[in-house]
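Let's take a walk through the pockets of this protein. Please keep the sequence and the model open beside you as you read.

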Amino acid sequence: MSAIAIKYNDEIVDLVTAEERGIEGEAIELDNSAESLDVLRHSTAHLMAQAIKSLYPDAEFYVGPTVKEGFYYDFKTASEVGEGDLKKIEKQMLVFAKKKYKIEKYEISMEEAKEKFKDDHLKLAVMERIPSDTVSIYKQGEFEDLCRGPHLPSVGLIRYFKLTKVSGAYLGGDSKNEMLTRIYGIAFATKEALKAHMDMMREAEKRDHRKLGNEMKLFTFREEVGAGFAIWLPAGGRLRSRLESLLFKAHRKRGYEPVRGPEMLRSDLWKTSGHYQNYGENMYFTNIDELEFGVKPMNCVGHIKVYEDELHSYRDLPLKYFEYGVVHRHEMTGALHGLFRVREFTQDDAHIFCTVDQIEEQIIDVVEFVDKIMTTFGFEYKMMISTKPEKAVGDAEVWEKSEAALVAAMEAHNLAYTIDEGGGAFYGPKIDIKILDAIGREWQCGTIQLDNNLPARFELEYNGEENEKIQPVMIHRAILGSFERFIGILTEHYAGEFPMFIAPTQVAIVPVAESHKEYAKLLSDKLIDINADSEIYAKNDSLNKRIRTAEKTRVPMIVVLGDEEIENKTVAIRDRRTREQYTLSEEEFLQLIQTKVNEVNF
RNA sequence: GCCGACAUAGCUCAGUUGGCUAGAGCAGCUGAUUUGUAAUCAGCAGGCCCGGGGUUCAAAUCCUCGUGUCGGCACCA
């Protein structure tokens, strides 16, 4: 196989450019390596543009880069382009690919380029962003495109690709600009790799929490209820309450006190907090007796009122209040997505009121809490510090001090972190915890936010050693983020096969015949006593059918009870994953379940 | 919010260029069967075809305005 490009000092250079510059390097062949695919996909994007141009002659083109999941090209045409048009474009791409056009390259001055593309206002927009005096043009057949490469030597090498989705995208990623059409695609060097990729996509689809949530009867959404409002079904309710009670204990052990604020509070408070000004367009408001109330979009104000309920001494601090706080946020329709983005959700929210000196140890405590939970579920995670955003309250000095405190805590404990400039909350900087799930996807869940602004706005204070008034620091933190989102993530992480300690049902009991139902009920009661939920499959169906039905619920363990078991006081266990069967005495079985249900503590 | 696609039974889906009483499988109900590790058999019932308005002799099908869902973009205190 011959080279498609070369690697020169870590730079991927295509063959025409290498010749032009008279350089040599390690050959990159057409295979499924990251470097090779990058070149292949970039050229496939160009081939797609060529096909689009021939089908829609008025098309103008913006940019067509490669991305993690393949490539895309942004363009504009007066015609409507829908999913149904992808086949047509693919077909045209194959026609051009078969012609094996050589991909040629030449350089022209910026001036010439602007003249050349004078009818394409998108290309002109691209050129505005290029500082150089000359640009390179890549040419295949009649089609020419402004591009810096690298590209394949010929379009004939492009064979295994698929256009995956069509969507809109704002020019330059800014919603104030016009919207272009974007088509995404994927390409590989081999047929097998393309097929493997498509198979993997289908596998990921099977894990989709919306699909599993429906199949497993965890939750539902209904048009008449309203977009973004989840309805929790019994199975989901059981799962959720297991999570809640585990987490409740974990908070109590760490010195958090349960509190609860009201669902809505007078708007004056949201004006004091700054939410009215900064976030009002996303809040729900209502007027009662000429007073305006805002439904809470977060729980801090309630917890501030708890703090204000009595005078505090420095000896009381830190004070840690927690609440499974239900919040409402009017998310934009296009943002809603299953349990991941909803308009009503419950945060595992807590606020720590402490002295400046306590910040570091408090943050480290929270980080350790997070670590305990994430490793229990088998998530890897990383942390990111987000700094002052454009929309912010409070003066610059306070912000600087808060940001420095977060960095100091991370540094002092040798914790790895990255920085997201301008990603903070409007009242303070934060540490976000991003978790990696079973199939390598990244999710943002936990967050630790340092806040000097709300304590100032609400004039919070405590008495110091000299009986002086001192303003406490407030730390907002959530670990799961929200139960909705976290359960969605867990569902996909485990592909619905929840471990015993969190599964909606721990055991499915299948009595062989009518006469064994009584023993099944007795066993079920004993399971409740050890905090395990079970379901008895005693319907008038064949044994095979009932085992099948139970299997499909993804219950971790199925036990079959018949004459033999009743006689010997045993249970016949069927393991979900291995489908292996083994027998345990009733006592051993209950012991096993008890261990498995209680083996996890956060 | 923006671009595009879609909405038929509890669920998954058929339903031809507008034309007979809108179909199937699963789930549900009734009966027979009482089962030893992934679907026993038979029968029955189940629909404002997402909602409003329109075009037409005739609308699940075409147009329009909503609502909701999906894929992205933008957004995510």
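What follows is a short tour of two pockets in this structure, which is a predicted model.

Start with the largest pocket, whose volume is about 1,300 Å³. Its lining is made up of 40 residues, and if you head for the centre, the closest ones are Tyr279, Arg329, Glu331, Lys430 and Gln449. Which elements build this lining? At least two residues each come from the helices α10 (275–279) and α15 (483–493) and from the strands β19 (344–354), β22 (430–436), β23 (442–451) and β26 (473–482). Among the contributors, β26 gives the most, with 5 residues. As for chemical character, the lining of the largest pocket holds 15 nonpolar, 14 polar and 11 charged residues.

Now move on to the second largest pocket, which encloses about 970 Å³ of space. Here 23 residues form the lining, and those nearest the centre are Glu69, Lys165, Met201, Ala204 and Arg441. The strand β10 (160–170), the helix α6 (191–207) and the strand β23 each supply at least two residues to this lining. The biggest share comes from α6, with 8 residues. By class, the lining of the second largest pocket has 8 nonpolar, 4 polar and 11 charged residues.

Where in the chain does this second lining come from? Both domain 1 (3–205) and domain 2 (212–493) contribute, each with at least three residues.

One element is worth a second look as you turn the model: β23 supplies at least two residues to the lining of the largest pocket, and β23 also supplies at least two to that of the second largest pocket.

Conventions. Residues are numbered from 1 along each chain as its sequence is written. Chains are lettered from A and ligands numbered from 1 in the order in which they are written. This is a predicted model: local features need pLDDT of at least 70, side-chain atom pairs count only at pLDDT 80 or more; totals for chains, interfaces and linings use all residues. Side-chain values use heavy atoms; hydrogens and water are left out. On a 1 Å grid over the protein atoms alone, a cavity is a set of points where a 1.4 Å probe fits but cannot get out, and a pocket is an open set with protein on both sides within 12 Å along at least five of seven lines; lining residues have an atom within 4 Å of a point. Grid points are joined across faces, edges and corners, and a volume is the space filled by probe spheres set on the points. Helices (H or I, at least four residues) and strands (E, at least two) are DSSP runs, numbered from the N terminus. Ala, Val, Leu, Ile, Met, Phe, Trp, Tyr, Cys and Pro count as nonpolar, Asp, Glu, Lys and Arg as charged, and the others, Gly among them, as polar. Domain bounds come from an automatic or database domain assignment.
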